[in-house]
Amino acid sequence: MEVQADTRYAEMRHADKGGRLGYRMAKSSLNQLTVSLATEQRLAGQKLAFIALHPGRVRTRLSGFNGAIDVEESANGMVKVIEDLKLEQSGDFVRYDGEKMAW
Ligand SMILES: NC(=O)c1ccc[n+]([C@@H]2O[C@H](COP(=O)([O-])OP(=O)(O)OC[C@H]3O[C@@H](n4cnc5c(N)ncnc54)[C@H](OP(=O)(O)O)[C@@H]3O)[C@@H](O)[C@H]2O)c1
């Protein structure tokens with residue numbers, strides 16, 4: 001299994017909020033990689049899953065400690081998502097609480 005640290009800033013529907021263009025572009029590229037690797041694995045009949053995982057708006061240095069949740073809640077949620085992950089979810093964009101996100 002491979003997990004990419006993603007963000008809602010990569011969601012196309014979030015682009016109308018503006019800002020952070022470089023960050024959006026970098027994470028969108030990561031999304032393309034995640035889906036492409038998931039597809040490659042599927043076509044090869046292999047059982048390695050790739051997901052993009054959004055940690056939530058976490059109170060870290062990156063968010064200026066202004067996020068909605070603390071590190072512990074985010075980390076615990078992500079561990080659960082990873083533990084519960086099914087191969088059919090490979091190529092998905094998932095939030096720390098398990099909710100599926102839009103590209
Ligand atoms: N916080 C949020 O609300 C949020 C939301 C969505 C997505 N994310 C994603 O979650 C991930 C972690 O973000 P964060 O909030 O934990 O950010 P952070 O508080 O700024 O921490 C970033 C971590 O990455 C390390 N780092 C940065 N550049 C590096 C490099 N070139 N090589 C090795 N390590 C490097 C830093 O190390 P040093 O301490 O040594 O500098 C630090 O430990 C990122 O991918 C971010 O896009 C975060």
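Of the 103 residues in this protein, 24% are buried. Keep in mind that the model is predicted.

Now the overall size. A compact globule with 103 residues would have a radius of gyration near 13 Å, and this protein has 14 Å, so the two agree. Measured out along the principal axes, the C-alpha trace spans about 45 × 30 × 20 Å.

Next, the elements. There are two helices and three strands, and from the N terminus they come in the order β-α-β-α-β. As for contacts between residues at least 6 apart in sequence, 52% of them join residues at least 24 apart.

Let me stay with one helix, α2, which covers residues 71-84. It has 14 residues, and at 1.5 Å a residue these should span 20 Å; the end C-alpha atoms of α2 are 20 Å apart, which agrees.

Which residues of α2 are buried? They are Ser 74, Met 78 and Val 81. Viewed down the helix axis, these buried residues fall within an arc of 60 degrees, so they line one face of α2. The general reason is that an α-helix has 3.6 residues a turn, so residues three or four places apart point the same way. The cover over the buried residues of α2 includes β2 (50-54) and β3 (93-95). On the other side of the helix, Glu 72, Val 79, Glu 83 and Asp 84 are exposed.

Last, the ligand. The residues around it include Ala 5, Thr 7, His 54 and Pro 55, and also Arg 57, Arg 61 and Gly 67. By type, the shell around the ligand divides into four nonpolar, five polar and two charged residues.

Methods. Residues are numbered from 1 along each chain as its sequence is written. This is a predicted model: local features need pLDDT of at least 70, side-chain atom pairs count only at pLDDT 80 or more; totals for chains, interfaces and linings use all residues. A residue is near a molecule or strand if its C-beta atom, placed from the backbone, lies within 6 Å of it. Ala, Val, Leu, Ile, Met, Phe, Trp, Tyr, Cys and Pro count as nonpolar, Asp, Glu, Lys and Arg as charged, and the others, Gly among them, as polar. Helices (H or I, at least four residues) and strands (E, at least two) are DSSP runs, numbered from the N terminus. The expected span of a helix is 1.5 Å times one less than its number of residues. A residue is buried if 20 or more other C-beta atoms lie within 10 Å of its own, exposed if 12 or fewer, and partly exposed in between; C-beta atoms are placed from the backbone. The arc is that of the directions from the helix axis to the C-beta atoms. Two residues are in contact if their C-beta atoms, placed from the backbone, lie within 7 Å. The radius of gyration is taken over C-alpha atoms; the globule rule is 2.2 Å times the number of residues to the power 0.38.
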